[in-house]
Amino acid sequence: MQSEPETVCNVAISFDRCKITSVTCSCGNKDIFYCAHVVALSLYRIRKPDQVKLHLPISETLFQMNRDQLQKFVQYLITVHHTEVLPTAQKLADEILSQNSEINQVHGAPDPTAGASIDDENCWHLDEEQVQEQVKLFLSQGGYHGSGKQLNLLFAKVREMLKMRDSNGARMLTLITEQFMADPRLALWRQQGTAMTDKYRQLWDELGALWMCIVLNPHCKLEQKASWLKQLKKWNSVDVCPWEDGNHGNELPNLTNALPQGANANQENMGQCKSLEYQHLPAHKFLEEGESYLTLAVEVALIGLGQQRIMPDGLYAQEKVCRNEEQLISKLQEIELDDTLVKIFRKQAVFLLEAGPYSGLGEVIHRESVPMHTFAKYLFTSLLPHDAELAYKTALRAMRLLVLESTAPSADMSRPHHIASVVPNRYPRWFTLSHIESQQCELASTMLTAAKGDVRRLETVLESIQKNIHSSSHIFKLAQDAFKIATLMDSLPDITLLKVSLELGLQVCIS
């Protein structure tokens, strides 16, 4: 194969405090990222710094010249580039010789080689026009030709920038978001009353997740947060801005296979996870002794999972609540709990049980609060070998499903002659209710299995099942589970569990 002819490119790179602040290359290649020639020169400068001659700022060099040297310098410069700079040189000369010109009102002169002041902001070079053009091109392809993959690569680039605390991360995400908002398909879907495609909806999810990372960044200034808030409100006020649930139509998609069901769902997913080894890396700047980035990450995850939050209205948003919770728990399940992490689990479980309205495991919660069944099952199995009492307390508290509870009688009880009338129960549109009830059943089954042989705990779990589970099919399943656990081949039948199975079976028959 004959190789391409060698070409010589003129490359200029400007630096400021170890950042590339601007680049130019005569190759003419236009892309979001640096061309190969800019990368090559950057690597050459990094690897062979001695081969690149350093100069003082040009203003310093000119300051050292006398009048004759300055005149010679200017005339030679004009002679070498006379077709390019002569008109500019003559214009500047006329302005300098004019007493009233604007240029003579400013002290000194600019020096592009001097760099910025130490207090000035600095950031990596970013070709904003190219970012906009590339995103517009990818969106216009509608998911074909790998455009979705390309957009995810851009999102990954933003994540990398945020990780490096590069201020371009927010700039780049702003440019991407503006192109998403300008996508003509948004107006079309709104007019037709149809939902956007799943792939496109996932891209919007990623967009939202990245903005969450930006606004929660503890290192950004208050004025930056105020600016982002203003911009986000502006986008949110646009008519075509997608709703959180992503569904503008009246028809609901088939929910049969929307979410994983049953006891094997995570595997009262894991099989696809890559096996990772997590280690404690010390976090020197934090006050508590023995803390590491791993302990902090686990604690933040537990705090987030235990937060009380109201179930959102839309179908897609409700599915996302369940999906995100299960994804985070599956990540936590990859971590092997040692003594340090067990302490974190105990601390958070106690805090969530005793906390006020911010906790989903608090004593009092909103009727439409997102249930804690899935999270509590994970806490239960994690705490059981180390603190069984706390494990059961947590799981039993999480068994409630208030959205299915009957409302209280409505009457003026101070007047006995008034007959109490029961207000009809209003069920919110919980599209994922069948999945939630199955998770509640799994939590109960997990407790029944663990409580085998413990009469007191079995009775407590039975009471919780009878109080909180409203589905006859799930009660029947738990009766079957209790019977199977009670009559395992390798041990004598557990009489208490058999009684639990019988009581649950009877409850199904009379319900």
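A cavity is a set of points, on a 1 Å grid over the protein atoms alone, where a 1.4 Å probe fits but cannot get out; a pocket is an open set with protein on both sides within 12 Å along at least five of seven lines; and lining residues have an atom within 4 Å of a point. The model is predicted: local features need pLDDT of at least 70, side-chain atom pairs count only at pLDDT 80 or more, and totals for chains, interfaces and linings use all residues. Residues are numbered from 1 along each chain as its sequence is written, and side-chain values use heavy atoms, with hydrogens and water left out.

**Exercise 1. Describe the largest cavity and its lining.**

Step 1. The largest cavity holds about 90 Å³ of space, where a volume is the space filled by probe spheres set on grid points joined across faces, edges and corners.

Step 2. Its lining includes M311, E325, H373 and H435. By class, the lining has 6 nonpolar, 4 polar and 2 charged residues; Ala, Val, Leu, Ile, Met, Phe, Trp, Tyr, Cys and Pro count as nonpolar, Asp, Glu, Lys and Arg as charged, and the others, Gly among them, as polar.

Step 3. Helix 12 (315-332), helix 14 (373-383) and helix 16 each supply at least two lining residues, and helix 12 has the largest share, 4 residues. Helices (H or I, at least four residues) and strands (E, at least two) are DSSP runs, numbered from the N terminus.

Step 4. Domain 4 (287-403) and domain 5 (431-510) each give at least three residues to this lining; the domain bounds come from an automatic or database domain assignment.

**Exercise 2. Compare the expected span of helix 16 with the model, and state how covered the helix is.**

Step 1. The expected span is 1.5 Å times one less than the number of residues.

Step 2. For the 18 residues of helix 16 (residues 433-450) this gives 26 Å, and the end C-alpha atoms are 26 Å apart, so the two agree.

Step 3. Of its 18 residues, 14 are buried (under 20% relative accessible area; exposed is over 50%, partly exposed in between; 1.4 Å probe, protein chains only).

**Exercise 3. Locate S501 and classify its accessibility.**

Step 1. S501 lies in helix 19 (residues 495-510).

Step 2. S501 counts as buried because its relative accessibility is 11%.

Step 3. Leaving aside residues up to four places away in sequence, S501 touches A479, A482 and F483, contact meaning heavy atoms within 4.5 Å.
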